[in-house]
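Please read these points with the structure open beside you. They go through it place by place.

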Amino acid sequence: MSAAGTTSRQLGDATPEDRSTRSRAWTVTGLLVVFMMINFADKSVLGLAADEIRADLSLSATQFGLANSAFFLLFSVAAVVVGMYADKVRPTTVILIMALLWSVAQVPPAVGGGLAVLIGSRIVLGAAEGPAFPVAQHATFSWFPDHRRNLPGALVTLGITLGVITAAPGLTWIIDHHHWRTALWVLAAVGLLWAVAWYFLGGTGTHRTADAPPGGTATPTGTATPTGAPESAGKRVPYRRLFSTPTWLAVTAAYFTCYWGVALMLVWLPSYLHNGLGYSSAQAGRLVVLPWVMGAVVLLTQAGVTGWLMRRGVSTRWARGGVGGAALGLGGLVCLGVPLVDGAGAKTALLAVGLGLAGSYAAVAATTVSELAPPARASGALGVMNAVVTTAGLAAPALVGVMVDKQGTDGYQNAVVITGAMLLVGGLLSATLVDPSRDRARLGT
């Protein structure tokens, strides 16, 4: 490059190619935000229709909890397998296949059937959705260098929140006026439309050597260019070493507690608001979005604070582990306060704040593991973390169902207390043990 060209780039000028790549990066990011919105709308629909499904299929709370836990039976296994697979190929096709499977999985219970059909459908859906978050983050990060990943990573995570915020009122209306099976048909159609859009507009960027064909880095069109990356960028650090670092262990444990709270919100919060706090089903369908709205605000604030700290040279030990851990721990303390207040309004406010604060940790976990792992191990590291974390979704719905059957409406509140204690521990682990720079040095990357 000439001196004039170098000076021009240093002054911030962008070539048409740069502008095109930047535009493509944000288009793909936007599609992946919608991808995660559909993902969590699929997850939330049974929780929104809990009372209708239990009445229609004559299910106890324990049976309904087990049906929701079935979603996570193969969720973790699929996250590991596809996460490892995505280290060897570009994730674009993997994402397309997942989206198509989501639509297909909604059809059997939409047509009819009882508990067995519902469980079978949720197992298939869970297997297809298990890898969604790590692969979506991996695909997003491929378009951005590390110092620019906080915002796009947070936006993809925000898709989780937006999925519930936008879907809950609409799906509740469909469930109340047109039956819960109709809501499954709507989700199947939306997933199919998204798959068509991704087929024409999706792609993988150039910032991840793991996505490249042998000998180069994948371009947005899929052709290979020389990587020019340092040797350590593609270093095949053994997974056992990566998974034994304090950072990976702590961030995974902290994210586990976050996901426990997410599972509680998805499956049982609508029922708690309706049966435990006395709201109508329509009111519960609107109020259930409050923790997700709070989570969106916290998520964007956390991303902004983290980016601001990193630009000023603060290590990610504090910018990610400290900030994320503080939000998680504070959320736990607020949840522990739910039994201490009287009145549905006060309890609802604490639920919204506590669970909302906790839900922001997913973005911290993804960016931290992406920073820790060499590119050749990034997708696998994210996939295994997601697999461990989402076992919370396997345990939480079933446990809360048993508690509700045995303790009545008190079971909902006791479940919130358990969640608060877990979140507090997770926040402490994040704030004290997460240090990607230290552990990268130990790994030699």
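1. A word on helix names comes before anything else: helices are DSSP runs of at least four residues, numbered from the N terminus. With that in hand, H179 can be placed in the loop between α9 and α10 (180–201). The model is a predicted one, and the values below are computed from it.

2. What sign does the phi of H179 have? It is positive, at about 85°, although H179 is not a glycine. As for its surroundings, H179 is partly exposed because its relative accessible area of 37% falls between the cut-offs of 20% for buried and 50% for exposed.

3. S58 can be read in the same manner. Its phi is near 55°, a positive value in a residue other than glycine. S58 sits in the loop between α3 and α4 (61–70). The relative accessibility of S58 is 62%, so this residue counts as exposed.

4. Next, look at α13 and what follows. L269, P270, S271, Y272 and L273 are the buried residues of this helix. Just after α13 comes G278, with a positive phi of about 85°.

5. Now the empty space inside. Rolling a probe the size of a water molecule over the atoms shows where empty space is left. How many cavities of 30 Å³ or more does the structure hold? There are seven. The largest cavity has about 220 Å³ of space. It is lined by 28 residues, and F40, I160, V262, G359 and A362 are the closest to its centre.

6. Which helix gives the most to the lining of the largest cavity? That is α12, with five residues. At least two lining residues come from each of α2 (16–48), α8 (132–141), α9 (150–178), α12 (246–267), α15 (290–311) and α17 (344–358). By type, the lining of the largest cavity has 16 nonpolar residues, ten polar ones and two charged ones.

7. The second largest cavity holds about 120 Å³ of space. Its lining has 14 residues, and those nearest the centre are G47, L48, D51, P270 and S281. Two or more residues of this lining come from each of α2, α3 (50–57), α9, α13 (269–276) and α14 (281–287). Here the residues divide into five nonpolar, six polar and three charged. P270 also appears among the buried residues of α13.

8. Helix α2 also contains N39. Is N39 buried or exposed? N39 counts as buried because its relative accessibility is 1%, and buried means under 20%. Along the chain, N39 and L187 are 148 residues apart, yet 9.6 Å separates their C-alpha atoms.

9. Finally, turn to the surface. Which residues form a nonpolar patch there? They are L73, L74, V77, V81 and L394, which together have about 420 Å² of accessible area. An α-helix has 3.6 residues a turn, so residues three or four places apart point the same way. L394 belongs to helix α20 (residues 391–407). With a relative accessible area of 33%, L394 is partly exposed; this value is over the 30% that a patch residue needs.

Definitions and conventions. Residues are numbered from 1 along each chain as its sequence is written. This is a predicted model: local features need pLDDT of at least 70, side-chain atom pairs count only at pLDDT 80 or more; totals for chains, interfaces and linings use all residues. Side-chain values use heavy atoms; hydrogens and water are left out. Patches are made of residues with over 30% relative accessible area and no salt bridge: like charges are joined within 9 Å, nonpolar side chains (Val, Leu, Ile, Met, Phe, Trp, Tyr) within 5 Å. Accessible areas come from the Shrake-Rupley method with a 1.4 Å probe; for residues, only the protein chains shown count as cover. A salt bridge is a side-chain nitrogen of Lys or Arg within 4 Å of a carboxyl oxygen of Asp or Glu. Buried means under 20% relative accessible area, exposed over 50%, partly exposed in between (1.4 Å probe, protein chains only). On a 1 Å grid over the protein atoms alone, a cavity is a set of points where a 1.4 Å probe fits but cannot get out, and a pocket is an open set with protein on both sides within 12 Å along at least five of seven lines; lining residues have an atom within 4 Å of a point. Grid points are joined across faces, edges and corners, and a volume is the space filled by probe spheres set on the points. Ala, Val, Leu, Ile, Met, Phe, Trp, Tyr, Cys and Pro count as nonpolar, Asp, Glu, Lys and Arg as charged, and the others, Gly among them, as polar.
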